[in-house]
Amino acid sequence: MIRLQNLTKNYGSFVAVDDISLHVPRGVLFGCLGPNGAGKTTTLRMIAGILRPTQGRVLLGGDDVHANPLAAKQRLGFIPDRPFVYDKLTGAEFLRFVAGLYGQEGDPVERRIAELLEVFELTSWQNELIEAYSHGMRQKLIISSALIHRPECIVVDEPMVGLDPKAARLLKDIFRQFVAKGGTVLMSTHTLEVAEAMCDQIAIIQHGKIVAAGTVTDVRREHQAGNASLEELFLKLTGGAQVRELAEVLGK
Amino acid sequence: MIQPSLWHVLQPKWRTALQRLREERDNGGYGKMIIITGVGSLFWAGVFGVLYKILKTLRGVEDLGPLIPAKILGLVLLSFISILVLSNVITALSSFFLAKDLDLLVSAPVDWLRLYLAKLGETLIHSSWMVALMAVPILTAYGVVYKGGPLFALYALIAIVPMLVLPAVLGSALTLILVNIFPARRTRDLLSIIALGAAAGVILLFRIIRPEQLARPEGFRNLLDFLTVLRTPTSPFLPSEWSTKAIMGFLRHDFDPLPLILLWTTAAAFVTLGALLHRAMYAQGFTKAQEGAERFIRGGFWRWTVSGLLRGLPVAKREFVLKDIRLFFRDTTQWSQLILLAVLVVVYLFNIQALPLHRGEPVGFYYVNLVSFLNLGLAGFVLASIAARFIFPTVSLEGRQMWLLRSSPLDLKALLWSKYLVGTLPLLILGLLLTGLTNVLLEVSSFMMILSLATMAALTLAIGALALGFGALYPQFETENAAQIPTSFGGLVFMMATIALLAGVLVTLARAVYTYVRAAFDGQPLGVTPEMVGWFVAAAALCAAATVIPLRLALRRMETFEF
C-alpha cells in the first residue's frame, strides 16, 4: 500500500532522510520509531506530499505522490504532530471544509461529521470556534478530519500527543479496527509501549537511515537481543544505552 | 536570589532581531538592501525637501516667520503622540498578554519590575520605531534651517525620547486596565475597532473642514487674531508642547531647561506609576488573558447565501471560497479595516466633487477628461493599496494550515483560483464604483466613461493577480498578524510593480485619449480611429500579461513550498 523507493531528503548539506526504501503492505499497522531528529517526521511529510523528496519516490496504492498527487492523496488521511487549524472556523465547518477538499458533500458528509464528532465526544463543541478548543480537542478534530473521507491508509505523526487516556484508547481501537478492515496505518511514535502493543511491524530510524525493520520478533532475532523489551532493543540500536546515568544527570 | 539583568530578559528579542537581519541579508543579498535603502532615502529626502522649503520661506516672513515653524512642529509632535498612544495600546496587548514568551517569563523567578520594564521596552520599540524614523527628516530640516549644529542631533534625541516613553506607559496602563475588565482576545477586537473608528473619524473630520480654504487670503479676518492663535500653545500640559518648546528654544539660542525637566521628570513619574499599577493588576490580568474568546456560532448565513451563489462550482473550490469569507468576517482585525476603506472612498469622492472644473468654458472639457484619465492612475493606486492589505497576505496566512492543503487532493490551481476570486471580485466592484461615480460627478462623455470602466476592469484583474503572485513569491509564513505582512519586502516589490503597470497602461492610453480630446477641442467629428484601437489593444495586452504571468509564477512557486 505504501512504498518508499530510495527516498532521500537533504536540507542544504544536512541529510535528513538517507536513501530509505520501505514497503508497508495493506492491512498492516506499521510503527516508525527513532530518536528525536532521526528523520521520522520528514519521512512522513514526504509520504503525505507536503515535502518534496530530493531523490526517490513515494507510491500510495501504486500512485506516485509527486507525479500523480491527486489520485495518491485521495487514498490518504494525514494526521500531523502539531494541530494547526483555522481558529475562526467551528469544528463542524472545519470537517465540512476538509470533506470538500476531497470532493465530498451533501447528506453523507453531514452524517459522517455527526458520527465522528459523536465518537470523539466533540458534538457539544461542534458550533464553537476552534480557537476555544484545547490542544487535545484540536488533535481529536484533526483525527476526525483525516477519517472523514474514509481513506485507504492513514499516516500519523505522534498520534497520542495531547490525548487524554480515554481518547488514546479510542484511537488505538479505531486504528486496530481500521487495519482489521483492510486499511493501512503508518505511524511514528516515541511511546515504545504503544508501538509494542499495537504495531504489526516496525522500522527503527537513526540518522535518516533504517537500522532495523520487520516484526518485533524479527528485529530481536536479527540483532540477537533474546527476550529484550522493545525499549532495550531501541536503546541498543540507537545508542541510547550510552547515556549517562540518570543520577549523574540530576546531580544527586 | 540574584535577578537576571534587563538585558538578559530581553536577550531572545534582540538575538532574534539580529538573526533575522542576518537571514534577510543572506536571502535577499545586496539587491534587497539597496531597494529598501533607496526607497527609504527617497522618502526621507522628500519629507526633508518639502519641510526645508517651507521653513526657509517662512524664516523670511516678518511677524509670522518665528511663530509658524513652532506651531507646525507642535502639531506634528501632537499627531505623533496621538498615533503613539493608539499603537502602544494595541502593541502592549500583544507584548504584555498574548506573546509566546510570556509563559516562560511568568513561570521563571523574574521579578515584576524587570518583567514590566522588559515588556515596556518591547512595546515602546515596536510601536515607536516608525514614528522615530519619520521624525528624523523633520528634525533634520529644522536643524539645518535654524543652523542647530551637530549638537542639535543629541539634543533632539534628549527632547524626543521621553515623549516616546510617555505614550508607551500610558498605552500599557490602559491595556492593563482593559484586560482586567474584558478577556484579552475580546479587548483586541474592541481595540482594533476603536483604533480604526478613531482614525476614520479623524480623516473624515479633517476632510470635511476643508483645510485648503485656510490658504485663501479672504479666510483671515484679522491678522492679529491669527497671530494670537499662533502664539497660544496647543495645550501647556501636553508633552508634545514641552518637546516643541525645548527644541525651538535650542534652535533660537534661547535655552530654557524647564521643558526638558518637565519631560524627564514626568516620564520618570509615569514609569514609576505604571510599574506600581503593573504590580497591582498584572497577575489578575494575565490570568484573564488566558481565557479564550469562546463564541458559539450557529451561523449558516454564509452557507446559505454565498454557497447558494456558488452552487455551480466544484465542491472543493466552493468550500475554499466559503472558508476564506468566513475567516475574514470572523477576524475583527481584518473586517474592521473595511471601516477605514469606506471612509477613504467617501473622502475620495468628496475630493473629486470639490474640484472647481465646471465653469462652462471649453477648457473645462479638456480638464474634465484629463482628471478622469488621471483618476485611473489614482484609483489604481488606491486599489493596489487595498490589494496589498487584503490579497497580498492570503497565501502567507495559509502557511500554518498548509499541511492540510498539501496532504489533501486539492489542486493548487483551485486554491489559487479561489483566492483570486475572493480577493479580486470585491476589488473589481470597488474599482468600477470608484471610476463610475467619479466620472458621473465629473460629467464625462460616454467615450471616457467606457474607456475608464474597461481600463479599470483590466487593471483590477491585473492588480489582484500581482498581489496574489507577489504574496506567493515572498510568503511570510511565520507572521500571524495579517496587517504586518504587506509591510514586508515582498509588499514593497508588489507596490513598485503595480505602480510600473499603472504608469505603463496610462502612457499607452495617453495618445488615444489625447487624439480624442484634441478632436473635440478642434470641433472635429469624434470617433475611434484605427490608431486608437492599436493603443487600446496594447494596454489590454499589458494588463493580460500582468494577470497571467504572476498567477503562473505563483502556482509554480506554491508547488515548491515545503513545511
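Start where the two chains meet: the contact takes 31 residues from chain A and 28 residues from chain B. Keep in mind as you click around that this is a predicted model.

**Stop 1: the chain B side of the contact**

Select helix H12 (315-330) and helix H17 (402-407) of chain B; each of them supplies at least two residues of the side that touches chain A. H12(B) gives the largest share of that side, eight residues. Now colour the chain B side by residue type: you should find 13 charged residues, eleven nonpolar and four polar.

**Stop 2: across to helix H3 of chain A**

Keep H12 and H17 of chain B on display and add helix H3 (residues 91-101) of chain A. The buried residues of H3(A) pack against H12 and H17 of chain B, and also against helix H4 (107-119) and helix H5 (135-147) of chain A. How many of the residues of H3(A) are buried? Eleven of its eleven, so you are looking at a helix that is mostly covered. Show the side chains and you'll see among them Glu93(A) and Arg96(A), as well as Phe94(A), Leu95(A) and Phe97(A). Step past the end of the helix to Gly103(A), where phi is positive, near 75°.

**Stop 3: a buried strand in chain A**

Next, select strand S7 (residues 153-157) of chain A. All five of its five residues are buried, so the strand is largely enclosed by the rest of the structure. Turn the view until you can tell the two faces apart: Cys153(A), Val155(A) and Asp157(A) point one way, while Ile154(A) and Val156(A) point the other way.

Bring in the partners of S7(A). Strand S6 (residues 76-79) of chain A pairs with S7(A) in the parallel sense over four bridges, and Phe78(A) stands opposite Val155(A) there. Strand S8 (residues 184-188) of chain A is also parallel to S7(A), with five bridges between them. One pair to pick out is Asp157(A) with its bridge partner in S8(A), Ser188(A).

**Stop 4: the antiparallel sheet of chain A**

Go back towards the start of the chain A numbering for an open sheet of four strands, in the order S2-S1-S4-S5, with antiparallel pairing. Which strands sit at the edges? They are strand S2 (14-24) and strand S5 (63-64) of chain A, each pairing on one side only. At the S5 end, strand S4 (residues 55-60) of chain A and S5(A) are joined in the antiparallel sense by two bridges; look for Leu60(A) opposite Asp63(A).

Then add helix H1 (residues 40-47) of chain A. H1(A) lies across strand S1 (2-11), S2 and S4, and runs at about 120° to S1(A).

While chain A is up, find His207(A) in the loop between strand S9 (201-206) and strand S10 (209-214). Its phi is near 50°, a positive value in a residue other than glycine. His207(A) counts as partly exposed because it has 16 C-beta neighbours inside 10 Å.

**Stop 5: chain B as a whole**

Hide chain A and show chain B as a cartoon. You get 21 helices and zero strands. Of the 563 residues in chain B, 33% are buried. Taking contacts between residues at least 6 apart in sequence, 84% join residues at least 24 apart.

For one such helix, select H18 (residues 412-442) of chain B. Try the distance between its end C-alpha atoms: they are 44 Å apart, which agrees with the 45 Å that 31 residues should span at 1.5 Å a residue. H18(B) does bend, by about 25° at Thr424(B), and Pro426(B) follows within four residues. Just after the helix, Glu443(B) has a positive phi of about 55°.

**Stop 6: two last residues in chain B**

Centre on Arg389(B), in helix H15 (residues 362-390) of chain B. Is Arg389(B) buried or exposed? Buried, because 20 C-beta neighbours lie inside 10 Å. Leaving aside neighbours within four places in sequence, Arg389(B) is in contact with Gln337(B) and Pro486(B). Label Gln484(B) too: 95 residues separate it from Arg389(B) in sequence, but the C-alpha to C-alpha distance is 8.9 Å.

Finish at His253(B), in the loop between helix H9 (239-251) and helix H10 (257-289) of chain B. Here is another non-glycine with a positive phi, about 55°. His253(B) is exposed, with 9 other C-beta atoms within 10 Å.

How values were computed: Residues are numbered from 1 along each chain as its sequence is written. Chains are lettered from A and ligands numbered from 1 in the order in which they are written. This is a predicted model: local features need pLDDT of at least 70, side-chain atom pairs count only at pLDDT 80 or more; totals for chains, interfaces and linings use all residues. Two strands pair if DSSP finds at least two bridges between them. Two residues are in contact if their C-beta atoms, placed from the backbone, lie within 7 Å. Axes are lines fitted to C-alpha atoms, for helices over the stretch in contact, and angles run from 0 to 180 degrees between N-to-C directions. Ala, Val, Leu, Ile, Met, Phe, Trp, Tyr, Cys and Pro count as nonpolar, Asp, Glu, Lys and Arg as charged, and the others, Gly among them, as polar. The expected span of a helix is 1.5 Å times one less than its number of residues. The bend at a residue is the angle between axes fitted to the seven residues ending there and the seven starting there. A residue is buried if 20 or more other C-beta atoms lie within 10 Å of its own, exposed if 12 or fewer, and partly exposed in between; C-beta atoms are placed from the backbone.
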